[in-house]
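Q: Please take a close look at a single strand of this model and at its surroundings. I would like a connected account of how the strand is placed, what pairs with it, and which residues lie around its partners.

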Amino acid sequence: MGYPQSILGPGERVVVHHHPHVKRLVAPVLGFLVISMLAGVAAGLVSGSSLASTTRGVLWLVIVGIWLLCAVFGFVRPLLSWRSTHFVVTDRRVAARSGVFSRSGIDVPIARITWVELRQSVIDRMLRNGTIVVESSAADRLEFRDIPDARRVHGLLHREVLEGPADAAHGGDGMFGGPTPQQPFDVGGDPGRPGERW
C-alpha cells in the first residue's frame with residue numbers, strides 16, 4: 001500500500017495529493033544538461049589529444065567520476081527528494097511528508113484550522129502553483145510551498161474552514177463529504193512548529 005493510502009484512518013478519504021510543483025526540478029535538469037555537455041566536450045578534447053594512452057585513460061576516469069558525482073548530487077538526489085515529498089488533504093486533515101531515508105511529517109486536523117492563506121507571485125500565477133499558509137487553533141503557522149493547482153487547494157480548505165463548523169453543527173458532513181472530527185488525528189511525524197515551512 002503506497003502513500004498516502006498507508007496513513008489513512010478508517011473511513012478517511014484523500015481529497016488532494018500532490019508532489020511539489022515540477023518547477024523545483026528545472027534547475028537540477030538544466031544543471032545536469034550543462035554538466036553532461038561539459039563532460040562531453042572534455043572527453044572529446046582528451047580523445048583528440050596527443051597524450052599517452054595511460055594519461056588519457058586516467059583523464060577519462062576523472063571526467064566520468066566528476067560527471068557521476070554531479071549527476072547523483074545535482075540531479076538524482078533532488079529528483080528523489082521531489083518524488084518523496086507529498087502534500088495531502090483528506091476529509092480530516094492536511095498532511096505533509098518528506099524525506100527519502102529519514103522521513104518527517106506534519107498533520108493538521110481540518111477541525112483545528114482557523115485560517116488559510118494563498119500566496120502567489122506573478123510567476124506562480126502563470127505556473128498555477130503557490131504557497132498555502134495554514135494556521136491552527138494551537139497558534140501554529142505552517143507554510144506549504146510550491147503546491148500545484150494552489151488556487152483550487154486554497155478554495156477547498158477555505159470553504160471547509162468557513163462552512164465546516166456550520167455543517168457540523170447541523171449534523172452535516174462538511175465540504176469534503178466526510179465527518180468533521182473534533183479531536184486531532186495524528187498518525188506520526190514531527191508536530192508542526194510556529195512558522196515552520198515545508
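A: In this predicted model, the side chains of strand S3 are divided between two directions: Arg93, Ala95 and Arg97 point one way, while Val94, Ala96 and Ser98 point the other way. In a regular strand, side chains alternate between the two faces of the sheet. Residues on both sides of S3 are buried. Strand S3 covers residues 93-98, and because six of its six residues are buried, the strand is largely enclosed by the rest of the structure.

Strand S3 has a pairing with strand S2 and another with strand S4. Strand S2, residues 86-90, runs antiparallel to S3 and is joined to it by four bridges. Within this pairing, Phe87 has Ala96 of S3 as its bridge partner. The two strands make a hairpin, with two residues between them. Strand S4, residues 104-109, also pairs with S3 in the antiparallel sense, here over six bridges. Ser98 is matched with Ser104 of S4 as its bridge partner. The hairpin of S3 and S4 has five residues between the strands, and Gly99 adopts a positive phi near 115° there.

Phe87, the bridge partner of Ala96, leads on to another strand. His17 belongs to strand S1, residues 14-18. The C-alpha atoms of His17 and Phe87 are 5.8 Å apart in space, although 70 residues separate the two in sequence. Leaving aside residues up to four places away in sequence, His17 touches Tyr3, Pro4, His86, Phe87 and Val88. With His86, the link includes a polar contact of 2.9 Å between the two side chains. His17 has a relative accessible area of 33%, so it is classed as partly exposed.

A second histidine, His19, sits in the loop between S1 and helix H1. His19 has a relative accessible area of 17% and therefore counts as buried, the cut-off being under 20%. Its side chain forms a polar contact of 2.7 Å with the side chain of Arg83. A polar atom of the His19 side chain also lies 3.0 Å from the backbone oxygen of Thr85. Apart from residues up to four places away in sequence, His19 touches Trp82, Arg83, Thr85, His86 and Pro148. His86 is thus found among the contacts of His17 and among those of His19.

Arg83, which makes the side-chain contact with His19, falls within helix H2, residues 53-83. This helix gives the most to the lining of the second largest pocket, contributing five residues. The volume of that pocket is about 180 Å³. Its lining comprises 13 residues, of which Arg77, Leu80, Ser81, Ser84 and Val100 are the closest to the centre. By class, six of the lining residues are nonpolar, five are polar and two are charged.

Helix H1 can be considered last. Gly40 is located in helix H1, and its relative accessibility of 44% makes it partly exposed. Gly40 and Ile63 are 23 residues apart along the chain, with a C-alpha separation of 8.9 Å.

Definitions and conventions
Residues numbered from 1 in each chain as written. Predicted model: local features only at pLDDT ≥ 70, side-chain atom pairs only at ≥ 80, totals over all residues. Heavy atoms only, no water. 1 Å grid on protein atoms, 1.4 Å probe; cavity = no way out; pocket = protein on both sides within 12 Å on 5 of 7 lines; lining within 4 Å. Points joined across faces, edges and corners; volume = space filled by probe spheres on them. Nonpolar A, V, L, I, M, F, W, Y, C, P; charged D, E, K, R; others polar. Buried < 20%, exposed > 50% of the residue type's maximum accessible area, 1.4 Å probe, protein only. Contact = heavy atoms within 4.5 Å. Polar contact = N/O pair within 3.5 Å; in protein donor to acceptor, adjacent residues only side chain to side chain. Pairing = 2+ DSSP bridges.
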